[in-house]
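Here are a few exercises to work through with the model open beside you. Try each task before you read its solution.

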Amino acid sequence: MSEINPQIEESWKNILSPEFQKPYFLALKGFLVSEKKSYSIYPPGPKIFEAFNRTPYDKVKVVLLGQDPYHGPGQAHGLCFSVPAGIAFPPSLQNIFRELQTDVGIPYPLSGDLTKWADQGVMLLNATLTVRANQAGSHQGQGWETFTDAVISSLSAGRENLVFLLWGNYARQKKALIDASKHHILEAPHPSPLSVYRGFFGCRHFSQTNHILQQAGIPPIDWRTD
């Protein structure tokens, strides 16, 4: 599956090239080749590394951690929580936009495409970068988590003053990979309908993130998507 390796932005390629040669990643490639023979896989091959291609290593300001790509047709395009323009907003994304509206006063958007965030330095990283169509979690435990843990560790070690947004218990487990003496960690329940009222609404992570960035002399994020 040749598109798994080369289509990744150069700064990330330099940092992550050792991972591509490790046994777990070679096994992951084999798994994906096998899956593609029998199933539809999301996102499309060229979009698997979209989070990296949109947000080069030295441009990262914020890391937002998701778990899995969306598994419905046309939804996943390589950025966590994001859907392409014209696709209906999944429930978690609806709740993110509601909090955004309350927190920083941005009107509820027309598009669920978060590419503008990624282009400003918000790395929209899923722990698992692919999924089988209509089967949530189907590519967990195949090696992606090892890869994305290495990504988080590389950002923690090589950068300073990043804001890590950890929403939900799964993302919070990644705290062990982050050096809290160098970075800022904001935690909240997941924005899914099951947990959004347990503290995601009212977390004010968008305004907090911009305050942290500005305190460090870093330009804030324009959270509008339209």
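A salt bridge here is a side-chain nitrogen of Lys or Arg within 4 Å of a carboxyl oxygen of Asp or Glu. Keep in mind that this is a predicted model.

**Exercise 1. A charged network**

Task: find out which residues are linked with K47 in a network of salt bridges.

Solution:
- Step 1. Begin at K47, which forms a salt bridge with E50, with the closest N and O atoms 3.5 Å apart.
- Step 2. Look at R54 next: R54 forms a salt bridge with D119, and here the closest N and O atoms are 3.2 Å apart. R54 belongs to helix α3 (residues 50-54) and D119 to helix α5 (residues 115-119), so this pair ties together parts that are 65 residues apart in sequence.
- Step 3. Put the members together: K47, E50, R54 and D119 are linked in a network of salt bridges.
- Step 4. Check accessibility, where buried means under 20% relative accessible area. E50, at 8%, is buried. K47 is partly exposed at 30%, R54 is partly exposed at 33%, and D119 is partly exposed at 46%.

**Exercise 2. Another charged pair**

Task: decide whether E19 is buried or partly exposed, and do likewise for K22.

Solution:
- Step 1. Locate the contact: the side chains of E19 and K22 meet in a salt bridge, 2.9 Å from N to O.
- Step 2. Apply the cut-off of 20%. E19 has 11% relative accessibility, so E19 counts as buried, while K22, with 35%, is partly exposed.
- Step 3. For context, the whole structure has 10 salt bridges.

**Exercise 3. A strand between two partners**

Task: work out how many residues of strand β5 (residues 163-167) are buried, and which residue of β6 stands opposite L166.

Solution:
- Step 1. Sort the side chains. V163, L165 and W167 point one way from β5, whereas F164 and L166 point the other way. In a regular strand the side chains alternate between the two faces of the sheet.
- Step 2. Count the buried residues: five of the five are buried, so β5 is largely enclosed by the rest of the structure.
- Step 3. Turn to strand β2 (residues 62-66), which runs parallel to β5 and is joined to it by four bridges. L65 has L166 as its bridge partner in β5.
- Step 4. Finish with strand β6 (residues 184-188), which pairs with β5 in the parallel sense over five bridges. Opposite L166 in β6 stands E187.

Key
Residues are numbered from 1 along each chain as its sequence is written. This is a predicted model: local features need pLDDT of at least 70, side-chain atom pairs count only at pLDDT 80 or more; totals for chains, interfaces and linings use all residues. Side-chain values use heavy atoms; hydrogens and water are left out. Buried means under 20% relative accessible area, exposed over 50%, partly exposed in between (1.4 Å probe, protein chains only). Helices (H or I, at least four residues) and strands (E, at least two) are DSSP runs, numbered from the N terminus. Two strands pair if DSSP finds at least two bridges between them.
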